Amino acid sequence: MGSLRESVLILLLARQETIEHARFRALAQVTIDKDKGIEAFEEYMKIAFPYLEATKKKERGDHIKHLQQEVSRGAL
């Protein structure tokens, strides 16, 4: 049985390999077919930076909330 440190390292290395594979696939795909390359790049971004989508949704929600507050204030 491995230690917690070993388990974390194994998970980190597996994650890095997954990201590297997605990056390589996106680069290879864009040289073959531009449209599929764009799709592969978007998939790479989701794999490499999973928090970006949540951040964008939160920012969008914040903007909507702010706009609703301004509209509720009424006319200038």
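This report walks through the helices, the salt bridges, the nonpolar core and the surface of a predicted model.

A word on ground rules: residues are numbered from 1 along each chain as its sequence is written, and side-chain values use heavy atoms, with hydrogens and water left out. Since we're dealing with a prediction, local features need pLDDT of at least 70 and side-chain atom pairs count only at pLDDT 80 or more, while totals for chains, interfaces and linings use all residues.

**Helix α1 and the core**

Let's start with helix α1, which covers residues 4-32. Helices here are DSSP runs (H or I, at least four residues), numbered from the N terminus. With 29 residues at 1.5 Å a residue, α1 should span 42 Å, and its end C-alpha atoms are indeed 42 Å apart. That expected span is 1.5 Å times one less than the number of residues in the helix.

Which residues of α1 are buried? They are Ala 22, Ala 26 and Gln 29, where buried means under 20% relative accessible area, exposed means over 50%, and partly exposed is in between (1.4 Å probe, protein chains only). Helix α2 is included in what covers them.

Two of those names come back in the largest nonpolar core, which has five residues: Ala 22, Ala 26, Ala 40, Tyr 44 and Ala 48. Such a core is a set of buried Ala, Val, Leu, Ile, Met, Phe, Trp, Tyr and Cys residues joined through side-chain atoms within 4.5 Å. Both α1 and α2 supply at least two residues each, with α2 giving the most, at three. Take Ala 40: leaving aside neighbours within four places in sequence, Ala 40 is in contact (heavy atoms within 4.5 Å) with Arg 25, Ala 26 and Gln 29.

**Salt bridges**

The structure holds five salt bridges, each being a side-chain nitrogen of Lys or Arg within 4 Å of a carboxyl oxygen of Asp or Glu. Here are some of them.

| Pair | Closest N to O |
|---|---|
| Arg 23 and Glu 20 | 2.7 Å |
| Arg 25 and Glu 43 | 3.6 Å |
| Asp 62 and Lys 58 | 3.1 Å |

Arg 25 and Glu 43 link distant parts of the chain: Arg 25 sits in α1 and Glu 43 in helix α2 (residues 34-48), 18 residues apart. Arg 25 is partly exposed at 35% relative accessible area, and Glu 43 is partly exposed too, at 41%.

Arg 23 and Glu 20 stay within α1, three residues apart, so about one helical turn separates them. Arg 23 is partly exposed at 34%, as is Glu 20 at 40%.

Over in helix α3 (residues 51-72), Asp 62 and Lys 58 lie four residues apart, about one turn of the helix. Asp 62 is partly exposed at 39%, whereas Lys 58 is exposed at 53%. An α-helix has 3.6 residues a turn, so residues three or four places apart point the same way.

**Out on the surface**

Leu 9, Leu 12 and Leu 13 form a nonpolar patch with about 270 Å² of accessible area together. Patches take residues with over 30% relative accessible area and no salt bridge, joining like charges within 9 Å and nonpolar side chains (Val, Leu, Ile, Met, Phe, Trp, Tyr) within 5 Å; areas come from the Shrake-Rupley method with a 1.4 Å probe, and for residues only the protein chains shown count as cover. Leu 13 is in α1 and partly exposed at 43%.

Finally, Thr 55 belongs to α3 and is partly exposed at 36%. From Thr 55 to Gln 69 is 14 residues in sequence and 21 Å in space, C-alpha to C-alpha.
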